[in-house]
Amino acid sequence: MKPRIAVLGCGYWGSNHIRTLKSLGVLAAVSDANEARAEGFASEHECVAISPDALFEHADIDAIVLALPPQFHAEYAIRAMRSGKDVLVEKPIALTVEDAERSVSVARETGRIIMVGHVLRFHPAFEKLKSLIDQGDLGEIRYIHSHRLGLGKFHTENDALWDLAPHDLSMILALTGAAPEEVRGEGAALLDHLSDFAHLHMRFPGGLRSHLFTSRLNPYRERRLTVVGDKAMAVFDDVEPWGRKLAVYRHAVWQDSGHWAFTTNEPTYVDVEEGMPLTRELQHFLDCIETRSEPRTTGEEAIEVLRILTAGSVTHG
């Protein structure tokens with residue numbers, strides 16, 4: 001019997017979860033502080049609407065997807081797990097490391113699954129990129145940089161760093177397999193006191209460096225992760241069509257008679273299986289519920305993401 005899943009939070013991202021869970025045949029209920037909104041989704045997707053307070057007492061709900069403003073994630077995740085339900089929490093898992101640690105501690109205490117919605121970890125192009133790195137196709141990884149730029153969305157609680165960087169930080173941590181030894185942040189606020197532009201500079205064990213740039217006030221859209229190895233370089237560009245999302249550049253650089261020389265080659269585009277990352281993420285969540293196995297995007301990793309965000313945040317007067 002398939003798990004019965006409820007979605008708490010019927011906003012923009014919650015609505016995506018609702019539609020996807022319905023397509024997977026596991027949507028049992030929706031919930032939102034706005035009762036009319038929840039009733040509308042329940043009617044459209046042929047499930048029940050349950051008030052947030054009553055949701056946790058429903059014995060016929062096996063797991064809850066939390067798609068709330070992040071300041072509420074820890075409180076509701078803990079309530080869900082103490083009620084015997086597994087949880088998928090949208091990113092970020094919380095707004096403080098302490099709240100995230102409390103959530104993970106309760107998961108251990110109750111034996112519940114807590115998975116975090118770092119959805120790009122389930123993108124087929126990223127999975128293929130990680131596979132190439134694990135196989136040694138790029139050689140030793142020396143540098144990783146990511147750019148996530150665009151116009152909007154604007155939040156009253158989250159700046160550009162906290163809203164946009166968690167996805168990329170999760171990918172970078174998966175590729176490095178380690179926490180950074182040093183984090184330095186820069187930010188600029190144009191609209192109010194929250195950063196609209198943010199840079200993170202990180203140094204990892206072994207000398208690997210990484211740079212992340214996010215902006216919500218950019219005239220063009222960019223979703224690009226670049227990995228530089230000593231054999232080759234690779235670019236995961238999510239703005240490109242499927243046939244060009246993952247490119248490998250086999251350049252060479254060497255010293256010749258005291259001077260640097262190099263060759264450039266056209267990129268090789270890697271075949272990537274098409275698939276919706278959110279569908280793959282939610283299917284992974286269902287598999288974890290059924291097998292009681294640890295998710296790919298763990299609470300512990302989400303805590304490390306928060307530590308980096310906290311260390312790299314810049315406050316503005």
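**Helix packing and an open sheet**

Me: How do you know that β8 and strand β9 (residues 197–203) pair?
Reply: 7 bridges join β8 to β9, and the two run antiparallel. Pairing asks for at least two bridges found by DSSP, so these strands qualify. Within this ladder, Glu186 stands opposite His199 of β9. Before going on: this is a predicted model, in which local features need pLDDT of at least 70, side-chain atom pairs count only at pLDDT 80 or more, and totals for chains, interfaces and linings use all residues. Residues are numbered from 1 along each chain as its sequence is written, and side-chain values use heavy atoms, leaving out hydrogens and water.

Me: What makes β8 (182–188) and β16 (268–269) edge strands?
Reply: Each of them pairs on one side only. The open sheet has 8 strands in the order β8-β9-β10-β7-β11-β12-β13-β16, with mixed pairing. Strands here are DSSP runs of E, at least two residues, and helices are runs of H or I, at least four, numbered from the N terminus.

Me: Why are α1 and α8 called roughly perpendicular?
Reply: Helix α1 (residues 12–23) and helix α8 (residues 277–291) pack at about 70 degrees, with axes 10 Å apart. Roughly perpendicular covers 65 to 115 degrees, so the name fits this pair. Axes are lines fitted to C-alpha atoms, for helices over the stretch in contact, and angles run from 0 to 180 degrees between N-to-C directions.

Me: Which residues of α1 make the contact with α8?
Reply: Happily, a short list: Trp13, Asn16, His17, Thr20 and Leu21. They meet Leu278, Thr279, Glu281 and Leu282 of α8, contact being heavy atoms within 4.5 Å.

Methods:
Parallel < 35°, antiparallel > 145°, perpendicular 65-115°, else oblique.
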